[in-house]
Amino acid sequence: MRDLSSIIKAYDVRGVVPDEWDEDTSRAIGAAFAEFVRADSGATSVVTAHDMRDSSIPLSRAFAEGVISRGVDVVEAGLGSTDLLYFAAGSLQLPGAMFTASHNPAQYNGIKMCRAGAAPIGQDSGLAAIREAAERNSYDRAPDRVGEVTSRDVLAEYAAHLRSLVDLSTIRPLKVVVDAGNGMGGHTVPVVLAGLPLEIVPLYFELDGTFPNHEANPLDPANLVDLQAAVTRHGADIGLAFDGDADRVFVVDETGAPVSPSAVTALVAVRELAKGRGNVIIHNLITSRAVPEIVREHGGEPVRTRVGHSFIKAEMARTDAVFGGEHSAHYYFRDFWRADTGMLAAMHVLAALGEQGRPLSELTAAYSRYAASGEINSTVADAKASSATVRDAFAEQDGVTVDELDGLTVDLPDGSWFNLRASNTEPLLRLNVEAPDEARMIELRDQVLGMVRA
């Protein structure tokens, strides 16, 4: 038996190629995936897509070999973003597998798997069973046939679906700098935004899984520098940065300043509420407190969840929410099979900007009410002990409330709050702090970091 515990994580497969996994491993995972979806839903076909990394084609083809060995057919959508794969799984009503390591460096690759309709597969919803079967790599059932592999290009259908959800045809002309980071945004953006009143200034649209310009991880401020400079240099109205598999988008205003994902969440939530087709908005517990405030002000019902796409999607299904947002710039839409799509979120921001005359900095100011630290990582020897120290220091103070929905969240009577969460995969504690003003945020941030790093 092989041991896949190091590469099959809580939500997906992720690891260094070929050191941690290779084509033989992918073939075994493909067979296990086929057996799982066949038993789970009676599926007789699955759809796959892959990003631009050098290892993605051989890994996806080996996976397909494993799938067809179990008598299940494969529809190869080919080169695509992760949300394109979700579109294929949703529109074709097929389980899907996307080959990507998202924002990770070039030596990594991975697989994001879903059920038909883009429903998530995580550790507690099938991934553990897939891992066990792939480790064993033997099955009692003898398939009565070998499956077939066919190809289907869904890029044009994906673009048409997105454009049916957000109409950009009548907005005022905008100059838009897009940094694709040599990732899949360079493949999808030209098709989705073609022919609209947008002047696109492309940065790093060449597909290159070695990421020669910068990592395709816009969560790191260092990777936004080129976009910020280009926005001001070109006098652009807005800048957009996509991560490697283009399921996340980060926004920069006309001054080159980043727009927080919480502000984007609030802005898109208001637009979705205005459609009058539902009032529940999901937000994870690290988004700004401005998000639930603004949702309520516009007649919505905010629902707070743990961090992570499986929790967001589960709550969206339970509540029939119209939209969900995370601090990490993942945005989820009921109209997109409750899946996350950076492209659709970007289109909403472009529409909001282009439907009125103010610059983006003024438009988003109404959605940015507090001072936030962003996520700060600290390496610790014992995450549980460090969290307990912080909890004990605050829990007995007057007016302080503590909850442990996801890590430790502490609310203070002056309107400040912080969350301290342990990483699932590294010896890290992640701190997020928000306060009514910058000075108080810095004070609280340094106080908590002092305890964590003592």
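This is a short talk on the aromatic pairs, strands, helices and cavities of one structure.

Hello everyone. Before we look around, please keep in mind that this is a predicted model.

Let's begin with the aromatic rings. A pair of aromatic rings is described by the distance of the centres and the angle of the planes. Searching the whole structure turns up eight aromatic pairs. Take Phe336 and Trp337: their ring centres lie 5.5 Å apart and the planes meet at 65°, so we call this pair edge-to-face, given that anything over 60 degrees counts as such. How buried or exposed are the two partners? Phe336 is buried, with a relative accessible area of 0%. Trp337, at 25% relative accessibility, is partly exposed, because the partly exposed class runs between 20% and 50%.

Another edge-to-face pair is formed by Phe394 and Phe418, with 5.0 Å from centre to centre and 65° between the planes. This pair links distant parts of the chain, 24 residues apart: Phe394 belongs to helix 13, residues 383–395, and Phe418 to strand 21, residues 417–422. Phe394 and Phe418 are both buried.

Going back to Phe336 and Trp337, which residues join them in one aromatic cluster? They are Phe87 and Tyr158.

Some rings also have a charge over them. Arg289 lies over the face of Trp417, 4.5 Å from the ring centre. In a similar spirit, the charged end of Lys313 sits over the ring of Tyr86, at 4.6 Å from the centre of that ring.

Lys313 takes us to helix 10, which covers residues 309–319. Its buried residues are His309, Ser310, Ile312, Lys313, Glu315, Met316 and Thr319. What do they pack against? Their partners are helix 3 (82–91) along with strand 12, strand 13, strand 14 (323–325), strand 15 (331–333) and strand 16. Just after helix 10 comes Asp320, with a positive phi of about 55°.

Those strands bring us to a sheet. Strands of a sheet pair through backbone hydrogen bonds, either parallel or antiparallel. Here five strands make an open sheet with mixed pairing, in the order 13-12-14-15-16. Which strands sit at the edges? Strand 13 (301–305) and strand 16 (339–340) do, and each pairs on one side only. Strand 13 runs parallel to strand 12, residues 280–284, and five bridges join the two. Within that pairing, Ile282 has Val303 in strand 13 as its bridge partner.

Next, please find strand 9, residues 238–242. This strand is mostly covered, with five of its five residues buried. In a regular strand the side chains alternate between the two faces of the sheet. In strand 9, Ile238, Leu240 and Phe242 point one way, while Gly239 and Ala241 point the other way, and all are buried.

Strand 9 has neighbours to meet as well. With strand 7, residues 174–179, the pairing is parallel and has four bridges; there, Val176 has Ile238 as its bridge partner in strand 9. With strand 10, residues 249–252, the pairing is antiparallel, again over four bridges. Here Phe242 finds its bridge partner, Val249, in strand 10. Strands 9 and 10 make a hairpin with six residues between them, and Ala246 in the turn has a positive phi of about 60°.

Now back to strand 21, the home of Phe418. Why do we call it largely enclosed by the rest of the structure? Because five of its six residues are buried. Strand 21 pairs in the antiparallel sense with strand 20, residues 408–411, over four bridges, and Leu408 stands opposite Leu420 in strand 21. Strands 20 and 21 form a hairpin too, with five residues between them and a positive phi of about 95° at Gly415 in the turn. Strand 21 also runs antiparallel to strand 22, residues 428–435, joined by six bridges. Arg421 faces Arg430 in strand 22 there.

Let me finish with the cavities. How many of 30 Å³ or more does a search of the whole structure find? There are two. The largest has a volume of about 40 Å³, and it is lined by Glu272, Lys275, Arg277, Val322, Arg334 and Asp335.

That is the tour. Thank you for listening!

Technical notes. Residues are numbered from 1 along each chain as its sequence is written. This is a predicted model: local features need pLDDT of at least 70, side-chain atom pairs count only at pLDDT 80 or more; totals for chains, interfaces and linings use all residues. Side-chain values use heavy atoms; hydrogens and water are left out. Rings of Phe, Tyr and Trp (its six-membered ring) pair if their centres lie within 6.5 Å; planes under 30 degrees apart count as stacked, over 60 as edge-to-face and the rest as tilted. Buried means under 20% relative accessible area, exposed over 50%, partly exposed in between (1.4 Å probe, protein chains only). A charge sits over a ring if NZ of Lys or CZ of Arg is within 6 Å of the ring centre and within 35 degrees of the ring normal. Two strands pair if DSSP finds at least two bridges between them. Contact means heavy atoms within 4.5 Å. On a 1 Å grid over the protein atoms alone, a cavity is a set of points where a 1.4 Å probe fits but cannot get out, and a pocket is an open set with protein on both sides within 12 Å along at least five of seven lines; lining residues have an atom within 4 Å of a point. Grid points are joined across faces, edges and corners, and a volume is the space filled by probe spheres set on the points.
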